[in-house]
Amino acid sequence: MTIGVPHPIALAASPPARPRRFPTPFDRRAVHPLAHRAAAALMDTLGSPEAQGWRLHEPGNGKMFGVLIVASPDGALGYLRAFSGMLQGQWELPGWAPPTFDCAQRDVVWGPGEVEMLDFAAQRAALLATAPTDGDTARRARITAAVAALDARRTARSRILLAQIQESYRFVNARGVVRTLRELFAPAAPPAGAGDCAAPKLLAQAFRLGLTPVALAEFWWGAPSVTGDKREGVFYAACRGKCLPILTHMLDGLPADPPPLFGAAAIDPAEPRVVYEDEQLLVVNKPSGLLTVPGRSASLQDCVVSRLRERYPHATGPLVVHRLDMDTSGLLLVAKSLEVAKTLQRLFALREIEKQYVAVLDGLVANDGGHIMLALRPDIDDRPRNIHDPVHGKPAHTEWQVLARDPGGHGGRTRVRFTPHTGRSHQLRVHAAHPAGLNAPIVGDRLYGRTPPDDDERLLLHAERLAFVHPVTARPVEVQAPAPF
């Protein structure tokens with residue numbers, strides 16, 4: 001069934017002035033007031049009885065939604081709306097931007113393909129049903145081999161079908177240039193779900209109607225995401241893994257701001273300051289905003305390692321033996337030789353180096369202390385974010401203790417001490433923000449916070465203490481650096 005073409009929804013009277021350039025969709029802080037207003041109107045709709053039948057607040061049913069401010073040729077402003085993926089099991093609903101693929105072409109591929117997949121499943125079940133329950137190991141081995149061969153054929157056929165479906169996704173940009181999904185990700189294969197987010201749907205619909213995109217916003221609505229990293233009513237940046245190639249192409253031809261490049265800000269050349277040093281090692285106090293190691297971009301080479309290489313040209317090995325997030329400040333342990341670095345890294349692996357952090361959380365934490373055990377893994381679609389994954393994640397253990405509570409402000413704040421017993425990337429930030437953790441993100445967290453920080457607002461997380469046995473002298477060493485907040 002083909003749904004009627006959705007047209008822009010009028011904005012309320014006296015809208016804010018439109019931006020001169022399209023704000024980048026890859027920065028949460030760049031949501032324009034126009035997009036805020038349209039998103040608020042859509043949130044009202046999603047919270048109304050009209051949307052109750054969508055059951056968005058049932059576990060696993062929350063979803064990303066988006067709005068796009070558009071201008072008609074005569075300058076009138078309105079907005080389009082879209083949802084990610086499917087809603088109520090449908091790709092198309094009246095009043096919403098349609099998918100970016102050709103529905104007829106997809107049906108030609110997916111209809112017969114779904115029958116094939118069901119047939120593979122039936123064959124697999126039939127084979128498993130014939131498996132012997134006695135000790136006939138030879139027959140069991142034959143059936144196991146047959147199932148494995150069937151699974152291999154299914155996987156190969158599924159890849160062919162997926163490639164054919166992906167060819168039905170087409171994206172036009174502001175210059176009128178069309179690219180398929182596979183072209184945009186070549187030579188790699190597109191990640192699952194690429195092209196189904198709200199942002200590509202909205203831009204495609206704007207170009208289809210001859211409208212000029214002005215500003216975009218995407219937000220989560222409904223029950224928290226399965227991984228716990230999305231919250232109702234919170235704005236999020238477009239995911240880089242799925243959307244960066246697509247949106248970069250679609251915005252080509254528009255005056256648009258580039259994606260943010262975090263880590264390129266100028267930092268005082270005297271940083272990081274040395275707080276402990278001997279012949280074998282040193283401890284420095286890294287400021288927030290300075291990378292620990294070089295980034296992938298040529299403009300992200302300024303970091304703790306590059307600065308220490310200049311100060312200690314005769315040092316060998318990797319210098320830093322552990323890392324702090326760019327946004328985190330505090331103590332970093334540095335080895336002057338490869339041999340000392342290896343010993344310190346072994347101590348870290350054995351969890352014989354004590355680390356303590358202090359943080360200020362956005363919200364009042366009820367209990368006074370405890371332990372958080374939430375397995376973590378990288379979000380492959382939206383690096384550098386990390387998410388809780390109890391199946392594929394690596395164990396992560398954080399001990400915490402409340403130091404003070406401030407009930408003032410919006411929801412209050414809590415000062416805590418964190419003692420990580422594992423060293424997963426973004427461990428403390430995810431454990432603080434996750435509903436199954438403290439459910440109170442660290443103030444100033446641009447990735448996991450409830451609201452994006454202001455330009456001059458830093459992440460309130462600081463590594464304040466390191467304690468270890470010296471790898472050469474065997475004497476205990478303890479270094480402290482009070483938090484600057």
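**Close-up views of a predicted model**

**View 1. Helix α5 is largely enclosed by the rest of the structure, because 10 of its 11 residues are buried.** The model shown here and in the following views is predicted. The buried residues of α5 are A198, A199, P200, K201, L202, L203, A204, Q205, A206 and F207. They pack against three strands of one sheet, β2, β3 and β6, and also against β4 (170-172) and helix α6 (240-250). The helix itself spans residues 198-208 and lies across β2 (63-71), β3 and β6, with a direction at about 135° to that of β3. Just after α5, G210 has a positive phi of about 75°.

**View 2. An open sheet is formed by 4 strands in the order β1-β3-β2-β6.** The pairing in this sheet is antiparallel. At its edges are β1 (9-10) and β6 (212-221), each of which pairs on one side only. Strand β1 is joined to β3 (residues 77-83) by 2 bridges, and the two run antiparallel. Across this pair, A10 of β1 stands opposite G78 in β3. Helix α5 lies across β2, β3 and the edge strand β6.

**View 3. Cysteines C197, C239 and C243, without a disulfide.** The structure holds 0 disulfides. The sulfur of C239 has its closest cysteine sulfur in C243, at 3.8 Å, which is too far for a bond. For C243, the closest cysteine sulfur is that of C197, at 3.7 Å, and this distance is also too far for a bond. A disulfide would require the two sulfur atoms to be within 2.5 Å. C239 counts as buried because its relative accessibility is 13%. C243 counts as buried as well, with a relative accessibility of 1%.

**View 4. T292 is buried in the loop between β8 and α7.** This loop runs between β8 (281-286) and α7 (304-311). The relative accessible area of T292 is 3%, so the residue counts as buried. A polar atom of the T292 side chain lies 2.8 Å from the backbone oxygen of L324. Leaving aside neighbours within four places in sequence, T292 is in contact with K286, C303, V304, V305, V320, H322, R323, L324 and L332. L324 thus appears both in this contact list and as the residue whose backbone oxygen faces the polar side-chain atom.

**View 5. Strand β16 is mostly covered, with 8 of its 9 residues buried.** The strand comprises residues 461-469 and pairs with β9, β10 and β17. With β9 (residues 329-335) the pairing is parallel, over 2 bridges, and G330 stands opposite A463 in β16. With β10 (residues 354-362) the pairing is antiparallel, over 6 bridges. In that pair, A359 stands opposite L461 of β16.

**View 6. Strands β16 and β17 form a hairpin.** The two strands run antiparallel and are joined by 5 bridges, with β17 covering residues 476-480. F468 of β16 stands opposite V477 in β17. Between the strands are 6 residues. In the turn, A474 has a positive phi of about 65°.

How values were computed
Residues are numbered from 1 along each chain as its sequence is written. This is a predicted model: local features need pLDDT of at least 70, side-chain atom pairs count only at pLDDT 80 or more; totals for chains, interfaces and linings use all residues. Side-chain values use heavy atoms; hydrogens and water are left out. Two strands pair if DSSP finds at least two bridges between them. Contact means heavy atoms within 4.5 Å. Axes are lines fitted to C-alpha atoms, for helices over the stretch in contact, and angles run from 0 to 180 degrees between N-to-C directions. Buried means under 20% relative accessible area, exposed over 50%, partly exposed in between (1.4 Å probe, protein chains only). A polar contact is a pair of N or O atoms within 3.5 Å; within protein, one must be able to donate a hydrogen and the other to accept it, and residues adjacent in sequence count only if both atoms are side-chain atoms.
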